[in-house]
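Visitor: I'm new to this one, so could we take a close look at a single part of it? I'd like to spend our time on the biggest open space.

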Amino acid sequence: MTSKTLFEPSALGSLTLSNRVVMAPLTRNRAGVGFVPGDLVAEYYAQRASAGLIISEATQISQQGQGYQDTPGIYTEAQIDGWRKVTNAVHAKGGHIFLQLWHVGRVSHVDLQPDGQRPVAPSAIRAETKTFVNNAFVDVSAPRALELREIAGIIEDFRRAAANAIAAGFDGVEVHGANGYLLDQFARDGANCRSDAYGGSIENRARLTLEVTAAVAEEVGAERTGVRISPVSPANGISASDPQAQFNYIVEKLDEMGIAYLHVVEGATGGPRDVAPFDYEALRRRFRSTYIANNGYDLELATTRLEHGLADLFAFGRPFIANPDFVERLKVGAPLANLDMSTLYGGGTAGYTDYPTLAPAVA
Ligand code: 8OZ
């Protein structure tokens with residue numbers, strides 16, 4: 001067996017990534033007026049461009065898709081122009097970056113919704129979770145169930161946002177199907193009790209994720225489309241009675257579309273990997289293209305999984321916040337800086353662009 005390492009180049013679609021380390025999407029709430037990412041955001045991502053691939057923070061595809069204050073969008077010209085600064089800065093450093101397309105569904109608040117309306121969801125079931133709005137963590141608002149005739153418009157919002165991302169210079173897009181947001185709300189029966197074509201059976205609950213992904217892939221190319229899922233994560237109060245069957249099916253259909261990658265949050269997002277039994281190898285077997293594994297990996301576990309052919313790329317989230325040169329630190333076994341929780345969501349440069357790289361070795 002040839003030994004593989006995380007620090008060798010790897011193909012993704014038509015791209016060649018400089019290593020197998022992916023910066024996972026991380027919400028940081030630093031967009032400016034009009035939910036436009038500015039120069040500060042460009043600096044932050046450029047500092048982290050040594051990742052083989054950066055996946056941007058979750059980015060709303062419409063105002064209705066927003067659930068937290070100061071998260072960036074990808075549905076206005078100003079937002080596209082803002083993101084172009086980011087992609088230029090990352091590319092100038094030799095990096096690659098995908099944009100994560102996001103609709104929060106019921107994880108929102110009336111203060112963020114158009115005309116103060118209720119957030120939308122598959123069913124009118126309020127999530128047991130909080131959002132960050134008006135500089136405070138508060139309960140999410142009670143949602144209303146989407147009408148069947150509204151769904152095509154949401155798919156079109158995803159499609160247009162994907163086109164906008166490519167116009168902004170992104171190398172591709174990731175459909176956010178994880179963590180209890182809109183697509184996950186449809187997929188998992190704890191949030192979906194519809195009786196139309198988008199609820200009930202496994203096929204029906206998968207429909208929105210698959211239709212959105214098909215529309216996005218048609219728009220920007222399957223080789224520039226990825227999907228993130230989190231089959232057993234309880235994030236944002238989501239639950240399912242049959243996650244293995246549900247996600248085996250979704251992944252089989254995603255494989256047929258020939259998309260660039262499948263990105264799997266294994267276990268509880270940002271928490272224990274063994275939160276519930278789940279056979280991730282069953283997903284791997286069903287998906288021929290790139291498998292990005294995420295959640296609680298260290299170098300040893302990632303290398304073992306890579307060598308056993310269980311994943312191709314490994315996404316790390318939190319370590320990238322306080323370690324802009326995380327790839328280098330992982331490679332040389334340098335200690336990792338700890339992140340400051342108080343500056344995680346919102347604010348300016350503090351705890352965002354001011355984390356130092358390793359000091360150069362003294363000769
Ligand atoms: C943390 C805070 C707010 C949003 C996710 C987009 O969990 C998020 C998120 C994470 O996918």
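Visitor: Which element gives the largest share of the lining of the largest pocket, and how many residues does that share hold?

Guide: That's α9, which supplies 3 residues, the largest share of the lining. Before we look around, keep in mind that this is a predicted model, where local features need pLDDT of at least 70, side-chain atom pairs count only at pLDDT 80 or more, and totals for chains, interfaces and linings use all residues. Residues are numbered from 1 along each chain as its sequence is written, and side-chain values use heavy atoms, with hydrogens and water left out.

Now, the pocket itself. It holds about 1,100 Å³ of space, counted as what is filled by probe spheres set on grid points joined across faces, edges and corners. A pocket here is an open set of points on a 1 Å grid over the protein atoms alone, with protein on both sides within 12 Å along at least five of seven lines; a cavity is a set where a 1.4 Å probe fits but cannot get out, and lining residues have an atom within 4 Å of a point.

Go to the middle of the pocket and you'll find L26, T269, G270, R318 and Y345, the ones nearest its centre among 39 lining residues. One of these, R318, sits at the start of α9 (318-322). Besides α9, at least two lining residues each come from β4 (53-60), β5 (97-102), β7 (130-133) and β14 (313-316). These labels are DSSP runs numbered from the N terminus: helices are H or I with at least four residues, strands E with at least two. As for character, the wall has 20 nonpolar, 14 polar and 5 charged residues, with Ala, Val, Leu, Ile, Met, Phe, Trp, Tyr, Cys and Pro taken as nonpolar, Asp, Glu, Lys and Arg as charged, and the others, Gly among them, as polar.

For contrast, peek at the closed space. The structure holds 1 cavity of 30 Å³ or more, and the largest cavity has a volume of about 60 Å³. Its top contributor is α7, with 3 residues: Y280, E281 and R284 fall within 280-286. Y291 and A293 belong to β13 (290-294), and the lining also includes E266, Y297, R305, L310 and A311. That wall divides into 6 nonpolar, no polar and 4 charged residues.
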